[in-house]
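Student: I have not met this structure before, and I would like to go through its side-chain contacts and its strands. Could you take me through them step by step?

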Amino acid sequence: MRLRLILTITILLCSIASSFPNHSQPVDPIEIIDASAVDSPPIMITSDADLLIFPGNGTYDNPYRIEGYSISDSGSLPCISISNTTLWVLIQNCTLTNSTSAAIDLKSLANVIVRNVSCQNTVNGIRLNNVVNVSVESSTFKNCDLGVSIINSDNCQILNNTVLQGSTGVHLSGTSEIRVSHNLIQDMVSQGIYIDNNLNLIDNNTLVNNTVGIEFKNGNSNMIYQNELFNCSYGVFSIDSMYCDISNNTFMDIKYGVYLYQGNAGYSISWNAFYPSGELTVFDDMPENHFFYNFYWDYDGSDHDNDGIGDTPYAIAGSGNNQDVSPLMNPPGSVVNDTKPPNVYWDQPFEKLEYGEEMLVNPTIIDVNGVKSAVLSFNNGADQWFNISMTSKGIKWQATIPAYSSDVVIVYRIYSCDGKDNWGVAGDWSYSVARDAYSPQVIDSVFLGEAFATVMSSSEIFESHTFKADVIDESEIAYVVVYYQFKEYLTTFDNGTVELSYDIISSTWTVTINFPHAVDRYTAIFQYEAADVYGNIGSSPPYELTFIASSQTLTRPHSSPAYGFTLVSLGITAAVIVVILIMEFRGRTRSP
């Protein structure tokens with residue numbers, strides 16, 4: 001908000017000098033960690049004996065608790081490292097950031113639970129190597145190259161976590177019997193989930209905007225069940241893997257839905273829903289894989305007996321020459337009778353904005369039946385709610401909350417509706433707007449008249465002249481005042497403030513100042529001052545006006561009026577001298 005206040009001063013001369021002075025739970029994936037977390041150096045545990053300093057006794061019901069710590073800038077050391085332990089340990093409610101190693105490093109141990117931990121800006125979020133019976137739950141990994149890395153480990157669970165903005169979300173290598181379930185994995189430049197071993201269960205995850213949703217390489221007998229994949233180049237990509245099951249998954253806005261590249265055999269691919277994609281819904285290079293009861297968005301067959309199964313097979317692209325002999329006419333299961341609202345995924349980038357900044361809200365909103373509309377609703381901090389229709393950018397929807405200049409907290413939520421008219425609400429999110437700390441800018445006044453005034457008598461009121469000043473500030477202006485004094489007096493003459501009247505229609509401020517009769521000449525010094533509603537004060541430079549008696553000519557205002565008058569006098573004197581010299585020269589040229 002830019003306020004340009006036109007300040008008008010009317011100056012009157014007289015003989016006396018005087019002045020006139022509802023809702024759903026938030027779905028923001030970022031966990032809020034306890035703000036009372038204790039700052040700590042890196043924690044290193046290398047045996048069960050090292051655990052004795054922590055509360056608990058090492059049993060399942062009363063594990064040793066490493067909780068409430070904030071560890072940052074640990075360099076090449078993990079923030080928390082544990083090795084060679086067998087007693088039960090619980091790591092919870094910790095904030096771990098800025099490590100070139102790992103936020104948490106667990107090695108050669110058993111029986112650890114990691115819960116409600118925030119890991120950011122580390123090479124590895126959590127790294128498990130040669131462990132058994134470890135559970136990672138309800139934690140957040142952001143800006144980590146590898147969110148969760150599990151190597152040569154068995155019987156572990158990765159549950160209800162959020163992994164954002166990294167290279168690979170979950171990396172399983174040399175593992176078996178690992179369950180990866182109910183996680184949100186988003187914005188990975190490589191894979192959402194990578195698997196190169198056997199007997200793992202990947203279920204009920206949401207994978208959004210990853211280059212590859214799920215990738216197998218030399219991974220056998222793995223199960224991919226009931227996951228949702230959105231806006232990926234590849235949904236499932238597989239090389240040299242066997243006997244994996246891909247069922248009951250949803251693929252939407254995927255360039256290649258399931259891509260079985262080479263050396264894959266014994267796959268069962270069934271009861272999946274393939275919604276509109278970029279190039280290929282499915283691709284298979286081997287004839288030993290089996291496709292049945294899938295819904296394909298580009299299937300153009302008919303169903304004359306109305307049994308829900310197409311009368312002609314769906315051809316699978318690739319040299320395997322496979323077919324789905326029982327393609328579904330509609331998406332399988334509960335998708336047909338969809339009663340769920342769209343899913344909203346939004347990671348708010350800022351918790352505080354500078355005054356005058358806008359907030360772009362562009363969440364991912366997805367639904368198997370498509371998203372029909374979305375509305376951003378926000379509160380401006382004064383119990384007023386405003387609604388903005390959001391614009392679709394693929395699976396991204398966006399709207400902008402306007403800038404606010406006052407010290408407020410903005411609360412907002414997102415309403416969305418799918419193709420079946422199921423409405424849902426996600427939120428609340430909030431951010432604060434910083435208090436304006438900048439002073440108003442007051443630009444110098446400009447004298448508009450060619451001459452100021454002529455003194456006629458001590459009781460007369462003479463012509464007025466207009467001056468303008470611009471007052472610019474991002475916040476609301478609280479007041480504008482004028483300070484003035486007379487230069488000829490050692491102390492200020494009636495130095496005070498002038499209250500200005502404000503005209504809403506013309507957006508002007510007006511002040512009237514009465515000046516004394518000029519017997520000879522004197523100089524008045526003005527200075528404008530403005531303050532915004534936060535107490536930030538700004539002022540103009542001092543500005544001088546010279547008043548002279550009616551027998552003299554008034555100079556225009558400038559930084560040194562006396563010098564201006566002297567220069568004019570010198571100019572006139574010089575002109576007279578030049579004229580005299582010219583006349584004398586002409587007289588001499590006429591002499592015989």
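**Aromatic pairs, strands and salt bridges**

Tutor: A search of the whole structure finds 20 aromatic pairs, where rings of Phe, Tyr and Trp (its six-membered ring) pair if their centres lie within 6.5 Å, with planes under 30 degrees apart counted as stacked, over 60 as edge-to-face and the rest as tilted. This is a predicted model, in which local features need pLDDT of at least 70 and side-chain atom pairs count only at pLDDT 80 or more, while totals for chains, interfaces and linings use all residues. Residues are numbered from 1 along each chain as its sequence is written, and side-chain values use heavy atoms, with hydrogens and water left out.

Student: What kind of pair do the rings of Y256 and Y259 form?

Tutor: Y256 and Y259 are both buried, a term for under 20% relative accessible area, with exposed meaning over 50% and partly exposed in between (1.4 Å probe, protein chains only). They belong to one aromatic cluster with Y234, F237, Y261 and F283. The ring centres of Y256 and Y259 are 5.3 Å apart and the planes stand at 75°, so the pair is edge-to-face.

Student: Which residue in β43 is the bridge partner of N379?

Tutor: Strands are DSSP runs of E, at least two residues long, numbered from the N terminus, and two of them pair if DSSP finds at least two bridges between them. Strand β39 (residues 371–379) runs antiparallel to strand β43 (residues 409–418), and eight bridges join them. In β43, the partner of N379 is V411.

Student: Which residue in β40 stands opposite S377?

Tutor: β39 is also joined, by five bridges, to strand β40 (residues 385–389), and these two run antiparallel. They form a hairpin with five residues between them, and G381 in the turn has a positive phi of about 90°. Opposite S377, in β40, stands N387.

Student: How many residues apart in sequence are the parts that E137 and R115 tie together?

Tutor: The side chains of E137 and R115 meet in a salt bridge at 3.2 Å, N to O, the rule being a side-chain nitrogen of Lys or Arg within 4 Å of a carboxyl oxygen of Asp or Glu. E137 lies in strand β10 (residues 118–137) and R115 in strand β9 (residues 95–115), so the parts tied together are apart in sequence by 22 residues.

Student: Is R413, which forms a salt bridge with D428, buried or exposed?

Tutor: The closest N and O atoms of R413 and D428 are 2.7 Å apart. D428 is partly exposed at 32% relative accessibility. R413 has 5% relative accessibility, so R413 counts as buried.

Key. Helix = DSSP H or I, 4+ residues; strand = E, 2+ residues; numbered from the N terminus.
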